[in-house]
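Let's take a walk through this one together, going from helix pairs to a sheet and then to the place where the chains meet. Keep the viewer open as you read.

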Amino acid sequence: MLEIQECHVYIGQTYVLKGVRLEVRHGEIVALIGANGAGKTTTLSTISGLIRSRRGKILFRPDPDATQQDITKTPAEGIVKMGISHCPEGRQVFSDLNVWENLLIGAYLRKDKQAVQSDLQWVCELFPILRNRRRQSAGSLSGGEQMMLAIGRALMSRPRLLLLDEPSLGLAPFMVEVIFEMLEQINAQGTTILLVEQNALMALELAQRAYVIETGGITLSGTGKDLAENVAVRKAYLGAT
Amino acid sequence: MDGYIAQQLVNGLILGSMYALVAIGFTMIYGIIRLINFAHGDIVMIGAFMTLGLVISGKISFPVIILLVFIAGAFMGTLIERVAFRPMRGAPQVTGFITSLAISILLQNLGILLLTAQPRNFFCPDYLQTIYRLGPVSLRAIDLGIVVTAVVLMVFLGLLVRFTRLGMAMRATAENLNVARLMGININHTIMLAFAIGSGLAGVAGMMWGGKYGQIDPLLGFVPGLKAFVAAVIGGVGSIPGAMLGGYLLGFGEVLFVGLLPPIYSSYRDAFVFITLILILLVLPNGLLGGKTEEKA
């Protein structure tokens with residue numbers, strides 16, 4: 001579905017991604033784990049078109065039988081249209097807009113009004129709290145609610161591939177459980193997920209496959225289970241001694 | 001005395017309407033790309049000359065002139081954005097600020113070159129000069145027109161920003177440029193729209209300026225530009241309701257300061273404006289309706 005080939009990315013003068021290779025297949029949950037500053041967020045921003053890759057290629061195939069497209073140079077607006085939705089780090093809901101408007105703006109490019117309405121219902125079934133809070137400004141929500149809103153907003157564009165940046169960041173453990181359960185459900189309903197996480201334990205448990213990124217390069221990859229048992233990974237990310 | 005105060009309040013309302021219209025554009029542009037646009041006042045000047053040109057050239061009715069001047073202002077605003085500010089996007093804030101000063105000087109000098117620095121009399125049709133008396137208060141038809149037009153435009157803008165898809169996109173872009181892009185919003189369009197609306201309003205304010213003062217020259221944009229800046233800061237820069245509130249407060253404040261104190265103080269009216277600004281900022285550093293302290297460059 002998504003193939004990153006040797007991407008080299010600079011932010012200003014800083015060389016951040018040094019030839020990242022990564023693949024996401026249809027229907028998967030793929031986790032990308034790594035320490036602070038390893039390049040996880042940059043990888044997602046490069047896919048979603050916020051940052052341009054200086055060298056390398058990103059290829060995307062929305063459906064198994066669709067033709068593969070080169071999206072390396074597509075701007076962010078175009079990426080959303082193609083079916084990739086990026087739920088950014090730290091939630092970043094629009095705090096001046098109310099909950100309903102936040103969800104509607106997720107569907108900004110869609111012209112199928114009726115389907116948008118039914119997707120609103122779908123998101124509200126996933127996260128019922130959003131319906132109760134729909135007239136409230138998003139800034140007044142708790143962290144967990146904002147996370148739900150951010151995911152709901154990302155789903156409103158009806159993505160084939162959902163990019164999630166640290167959904168567990170700053171949330172209470174039970175809330176993290178809730179969110180991860182939802183991700184499983186969203187995936188089961190047909191959305192492929194690329195998940196970036198510092199909470200490696202939970203991410204590896206959820207993901208079918210995972211990559212470890214270190215200082216701008218992928219150093220390990222395998223099934224979630226394999227990586228969770230890998231000695232180096234356990235030492236570096238799972239707190240094993 | 002009561003009649004005198006009532007008259008002053010009406011004068012404040014008229015002045016405030018013009019300040020508010022200019023301040024809205026100023027605050028919209030700042031809100032969306034954090035640009036302090038000192039060329040904004042010069043759009044007022046362009047609007048004033050455009051009006052004069054249209055009035056002289058023929059029998060175009062005033063509502064049509066309002067529309068044409070709005071379009072001309074909007075066109076100038078988007079042109080400036082496209083040519084001068086978009087290439088500076090992502091540069092430090094100071095770069096944009098200096099660019100706007102350069103544009104301002106350029107527009108003023110172009111004005112002098114093409115129109116000479118000689119002040120010109122601003123024509124108003126007779127029916128706009130009719131004086132109405134409401135009890136102790138007297139006002140010209142044009143004053144009434146200024147207030148009504150300003151209020152109509154502001155209500156219209158409020159509805160647009162609050163209830164339309166475009167307005168939602170503008171609010172989202174103003175809050176977070178990058179996340180707005182992730183929603184599929186073309187921020188170049190949104191930014192251009194903010195420039196278009198803001199500059200259109202400034203153009204209409206120029207038309208009012210000419211009608212109110214009766215004389216226009218190519219440097220007239222400086223004062224409304226500066227006052228709009230102050231009004232926007234008082235209201236909380238980036239906030240549209242704040243700009244409206246700031247504009248009216250400034251209008252009332254100025255008129256009452258001149259009207260109620262002995263005449264020898266009247267030349268201090270601009271000093272008064274800035275003292276007020278300083279006092280408000282001491283108590284409320286974000287202005288009256290400005291929310292957050294975060295600074296997005």
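At what angle do α2(B) and helix α10 of chain B pack, and how far apart are their axes? Bear in mind as you look that this is a predicted model. The angle comes out at about 135 degrees, and the axes of α2(B) and α10(B), the latter covering residues 222-235, are 7 Å apart. The two helices are therefore oblique to each other, and their crossing is right-handed. To find the spot in the viewer, pick out B:H40, B:G41, B:D42 and B:V44 in α2(B), which meet B:F222, B:P224, B:G225, B:L226 and B:A228 in α10(B). Sorted by class, that contact has 5 nonpolar, 3 polar and 1 charged residues.

Stay with α2(B), because it has another partner to show: helix α2 (residues 40-57) of chain B also packs with helix α3 (residues 62-85) of chain B. Here the angle is about 140 degrees and the axes are 9 Å apart. Why call this pair oblique rather than roughly antiparallel? The antiparallel label is kept for angles over 145 degrees, so α2(B) and α3(B) count as oblique to each other. α2(B) passes α3(B) in a right-handed crossing.

On the α2(B) side of that contact you'll find B:I43, B:I46, B:G47, B:M50, B:T51 and B:L54. They meet B:I65, B:L68, B:V69, B:A72, B:G73, B:M76 and B:G77 in α3(B). The residues of this contact divide into 9 nonpolar, 4 polar and no charged. If you're wondering about the spacing along such a list, an α-helix has 3.6 residues a turn, so residues three or four places apart point the same way.

Now swing over to chain A and its sheet. Six strands, in the order β6-β7-β8-β3-β9-β10 (chain A), make an open sheet with mixed pairing. Which strands stand at the edges? They are β6 (84-87) and β10 (217-223) of chain A; each has a single partner strand, so one side of each is left without a neighbour in the sheet. From one strand to the next, the twist averages 15 degrees.

Zoom in on one end of that order. Strand β9 (residues 209-214) of chain A pairs with β10(A) in the antiparallel sense, over 6 bridges. A handy marker for this pairing is A:V212, which stands opposite A:L220 in β10(A).

Helices pack on this sheet too. Helix α6 (residues 143-155) of chain A touches β6 and β7 of chain A, and its direction makes about 165 degrees with that of β6(A). Helix α1 (residues 40-47) of chain A lies across β3, β6, β7, β8 and β9 of chain A, running at about 150 degrees to β7(A).

Helix α6 of chain A also holds A:L155. Is A:L155 buried or exposed? With 23 C-beta neighbours inside 10 Å, A:L155 counts as buried. Leaving aside its neighbours within four places in sequence, A:L155 is in contact with A:V123 and A:I186. A:L155 and A:A107 are 48 residues apart in sequence, yet 8.4 Å apart in space, C-alpha to C-alpha.

Two backbone details in chain A are worth a click. A:E6, in strand β1 (residues 2-11) of chain A, has a phi near 50 degrees, a positive value in a residue other than glycine. A:E6 is partly exposed, with 13 other C-beta atoms within 10 Å. A:Q92 likewise has a positive phi near 50 degrees, and its place is in the loop between β6 and α3 of chain A. With 18 C-beta neighbours inside 10 Å, A:Q92 counts as partly exposed.

Last stop: where the chains meet. Here 14 residues of chain B are in contact with 20 residues of chain A. On the chain B side, the elements giving two or more residues are α7 (165-175) and α8 (177-182), and α7(B) gives the most, with 5 residues. By class, that side has 7 nonpolar, 4 polar and 3 charged residues.

How many of the 11 residues of α7(B) are buried? The count is 8, which leaves the helix mostly covered. Among the buried ones are B:M168, B:R171 and B:E175. What covers them includes α3 of chain A, together with α1, α6, α8 and α9 of chain B.

How values were computed: Residues are numbered from 1 along each chain as its sequence is written. Chains are lettered from A and ligands numbered from 1 in the order in which they are written. This is a predicted model: local features need pLDDT of at least 70, side-chain atom pairs count only at pLDDT 80 or more; totals for chains, interfaces and linings use all residues. Two residues are in contact if their C-beta atoms, placed from the backbone, lie within 7 Å. Helices (H or I, at least four residues) and strands (E, at least two) are DSSP runs, numbered from the N terminus. Ala, Val, Leu, Ile, Met, Phe, Trp, Tyr, Cys and Pro count as nonpolar, Asp, Glu, Lys and Arg as charged, and the others, Gly among them, as polar. Two strands pair if DSSP finds at least two bridges between them. Axes are lines fitted to C-alpha atoms, for helices over the stretch in contact, and angles run from 0 to 180 degrees between N-to-C directions. Angles under 35 degrees count as roughly parallel, over 145 as roughly antiparallel, 65 to 115 as roughly perpendicular and the rest as oblique. A crossing is left-handed if the near helix is turned anticlockwise from the far one by less than a right angle, and right-handed if clockwise. A residue is buried if 20 or more other C-beta atoms lie within 10 Å of its own, exposed if 12 or fewer, and partly exposed in between; C-beta atoms are placed from the backbone.
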